[in-house]
Amino acid sequence: MTEDDNITTPDPERPDDATQPEPQQSARSRAELDAMTEELWDRVQAQQSEIEQLNGKIAELESDAEDKPRLAPCLPFPAPPAAEDKQHREQTPVFTVTNFVQYYNAVYVGKGGTRAVAIPDCWPQHPGLVAELATLAYTWRAAHVGKGAKASDAQYWHDRWRAGFAERMIT
């Protein structure tokens with residue numbers, strides 16, 4: 001039984017000379033109904049207060065998530081700024097791609113174990129490259145930033161997306 005099931009309902013008062021038929025004798029007095037209504041109202045108010053507190057906590061948690069994008073635990077570097085970040089929401093997706101290009105050139109180019117070449121500064125003048133960089137940047141974000149970021153997705157990004165892109169850049 002829940003607390004709500006424990007509402008006490010007083011027995012209706014019956015006059016000693018109960019001459020009325022049985023169905024009418026079970027009617028509650030106005031005072032009894034008022035007392036029950038007041039008890040129910042108090043419980044509704046208490047639940048409303050709890051709901052408001054929970055909504056406040058949810059809003060606080062969501063706000064924290066937006067202020068600080070959650071990085072995948074496997075990522076040792078900070079994510080490049082993106083238009084999807086709370087502090088950059090006035091920016092366009094080109095902002096995201098531009099920052100990703102800088103990140104890519106800093107993290108992958110000239111490092112041991114990779115044949116990656118730098119993405120040239122003229123990349124915005126090549127529509128096919130812009131399209132590929134956009135998918136590369138946003139798949140990187142999906143694999144590395146946010147609630148859905150997982151190490152397996154990050155590895156897939158490195159094995160499939162980045163490797164293929166690096167090869168196309170070389171050739």
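**Figure 1. Buried residues of helix H3 in the predicted model.** Thr-96, Val-97, Asn-99, Phe-100, Val-101, Tyr-103, Tyr-104, Val-107 and Tyr-108 of H3 are buried. The model is predicted. The buried residues of H3 pack against two helices, H4 (127-144) and H5 (151-170). An α-helix has 3.6 residues a turn, so residues three or four places apart point the same way.

**Figure 2. Length and end of helix H3.** H3 covers residues 93-108, 16 residues in total. At 1.5 Å a residue, the helix should span 22 Å. Its end C-alpha atoms are 22 Å apart, so the span agrees with the expected value. Gly-110 follows just after H3, with a positive phi of about 75°.

**Figure 3. Surroundings of Asn-99.** Asn-99 sits in helix H3. The residue counts as buried because its relative accessibility is 13%, under the 20% cut-off. A polar atom of the Asn-99 side chain lies 3.0 Å from the backbone oxygen of Phe-95. A polar atom of this side chain also lies 3.4 Å from the backbone oxygen of Pro-81. Setting aside neighbours within four places in sequence, Asn-99 is in contact with Pro-80 and Pro-81.

**Figure 4. The whole chain, for orientation.** The chain holds five helices and zero strands. From the N terminus on, the order is α-α-α-α-α. Of its 171 residues, 24% count as buried. Among contacts with a separation of 6 or more, 51% join residues 24 or more positions apart. The accessible surface comes to about 12000 Å², with 55% belonging to carbon and sulfur atoms.

Technical notes
Residues numbered from 1 in each chain as written. Predicted model: local features only at pLDDT ≥ 70, side-chain atom pairs only at ≥ 80, totals over all residues. Heavy atoms only, no water. Helix = DSSP H or I, 4+ residues; strand = E, 2+ residues; numbered from the N terminus. Buried < 20%, exposed > 50% of the residue type's maximum accessible area, 1.4 Å probe, protein only. Contact = heavy atoms within 4.5 Å. Areas by Shrake-Rupley, 256 points an atom, 1.4 Å probe, with all protein chains shown as cover. Expected span 1.5 Å × (residues − 1). Polar contact = N/O pair within 3.5 Å; in protein donor to acceptor, adjacent residues only side chain to side chain.
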